[in-house]
Amino acid sequence: MLFLFPSSIWGQKKDKETLKEEYKASPLYQGSSIGIEIAGIGGYLLGGDILSSEILLQSNLKNRFLPTIEIGYGKTDAVNVANNMHYKASAPYFRIGMDYNAFYLKPYLPGYLYAGLRYGRSSFSYDVSGPDMVDPNFGNHIVLPYHYEGERSKASWLEAVVGIKVKIYKRFCMGWAVRYKIRIKAEEHETSQPWYIPGFGKNASTGFNLSYNLIYNLPF
């Protein structure tokens with residue numbers, strides 16, 4: 001947070017009433033930005049089982065409300081060594097939502113703290129395979145292979161987001177965010193269920209995620 005409040009900036013503070021008047025007179029639309037999430041790529045390159053990245057498109061309304069669209073792609077090709085199950089999936093996903101700039105009355109700062117909500121959705125297929133199973137009704141006489149390809153599924157979820165965006169050079173910024181995810185629905189099959197949901201992560205009722213974005217503020 002000290003990075004957001006360098007001592008040289010404090011001398012430029014205006015009184016609260018002046019800032020409120022300038023805010024009221026400011027235009028509704030104050031530009032847009034585009035960014036890319038790279039933490040998911042970094043984790044995969046360091047040996048992770050999941051590759052995920054997304055493009056962020058965001059508009060600035062009154063320096064306060066920040067409607068956001070995130071379009072990404074996720075994939076995995078993983079083996080659970082405990083039970084020798086192999087799972088493979090890849091698909092695009094999207095999220096839509098809005099962030100709220102807590103420092104909207106402080107345009108002199110080189111960044112801001114925000115909180116937001118997202119709705120995410122993905123439609124994907126997956127392959128799953130594992131050790132052959134023995135039919136319990138016939139003992140060792142009948143072996144059932146466990147191998148399914150192209151299982152279709154859809155999933156949706158909500159995210160609560162808290163993060164920081166900081167200017168680093170001219171129109172270039174970077175941002176960090178913590179995301180708490182709540183699964184709404186994930187379609188399952190009688191014989192299998194998705195282990196990984198693109199855009200959400202490992203299939204669970206809730207989960208946390210850290211994201212890191214490189215952002216460019218578009219001229220307007």
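**Pockets, a cavity and a buried arginine**

In this predicted model, the largest pocket encloses about 570 Å³ of space. Its lining is built from 25 residues, and those closest to the pocket centre are Asn60, Asn63, Tyr112, Lys165 and Asn217. Two or more lining residues come from each of the strands β1 (29-37), β2 (50-61), β5, β6 (143-169) and β10 (206-218). Of the elements, β1 gives the most to this lining, with 4 residues. Sorted by class, the lining of the largest pocket holds 11 polar, 9 nonpolar and 5 charged residues.

A further opening, the second largest pocket, has a volume of about 370 Å³. Here 23 residues form the lining, and Ser52, Lys181, Phe200, Gly201 and Asn209 lie nearest the centre. At least two lining residues are supplied by each of β2, β4 (85-101), β7 (172-186), β8 (196-197), β9 (201-202) and β10. The largest share in the second largest pocket, 6 residues, belongs to β10. By class, the lining of the second largest pocket consists of 9 polar, 8 nonpolar and 6 charged residues.

Enclosed space can be considered next. Rolling a probe the size of a water molecule over the atoms shows where empty space is left. The count comes to 1 cavity of 30 Å³ or more. The largest cavity has a volume of about 110 Å³. Its lining comprises 13 residues, with Leu56, Gln58, Tyr114, Asn213 and Ile215 closest to the cavity centre. The strands β2, β5, β6, β7 and β10 each give two or more residues to this lining. The cavity lining divides into 6 nonpolar, 4 charged and 3 polar residues. For readers following along in the viewer, strands β2 and β10 are listed among the contributors to the largest pocket, to the second largest pocket and to the largest cavity.

These spaces belong to a protein with 3 helices and 10 strands. Along the sequence, the elements follow the pattern α-α-β-α-β-β-β-β-β-β-β-β-β. Of the 220 residues in the protein, 36% are buried. The exposed area amounts to about 12800 Å², with carbon and sulfur atoms supplying 62% of it. Contacts also reach across the sequence: among those between residues at least 6 apart, 65% join residues at least 24 apart.

One charged residue deserves a visit of its own. Arg118 is placed in strand β5 (residues 111-134). Because its relative accessible area is 4%, under the 20% cut-off, Arg118 counts as buried. Which side chains make polar contacts with the side chain of Arg118? The side chain of Asp99 does so at 2.8 Å, and that of Glu70 does so at 3.4 Å. Beyond its neighbours within four places in sequence, Arg118 is in contact with a set of residues including Thr68 and Glu70, the run Arg95, Ile96, Gly97, Met98 and Asp99, and also Trp157, Leu158, Glu159, Val161 and Arg179. Both polar-contact partners, Glu70 and Asp99, therefore appear among the residues that surround this buried arginine.

Terms used. Residues are numbered from 1 along each chain as its sequence is written. This is a predicted model: local features need pLDDT of at least 70, side-chain atom pairs count only at pLDDT 80 or more; totals for chains, interfaces and linings use all residues. Side-chain values use heavy atoms; hydrogens and water are left out. Buried means under 20% relative accessible area, exposed over 50%, partly exposed in between (1.4 Å probe, protein chains only). Contact means heavy atoms within 4.5 Å. Accessible areas come from the Shrake-Rupley method with a 1.4 Å probe; for residues, only the protein chains shown count as cover. A polar contact is a pair of N or O atoms within 3.5 Å; within protein, one must be able to donate a hydrogen and the other to accept it, and residues adjacent in sequence count only if both atoms are side-chain atoms. On a 1 Å grid over the protein atoms alone, a cavity is a set of points where a 1.4 Å probe fits but cannot get out, and a pocket is an open set with protein on both sides within 12 Å along at least five of seven lines; lining residues have an atom within 4 Å of a point. Grid points are joined across faces, edges and corners, and a volume is the space filled by probe spheres set on the points. Ala, Val, Leu, Ile, Met, Phe, Trp, Tyr, Cys and Pro count as nonpolar, Asp, Glu, Lys and Arg as charged, and the others, Gly among them, as polar.
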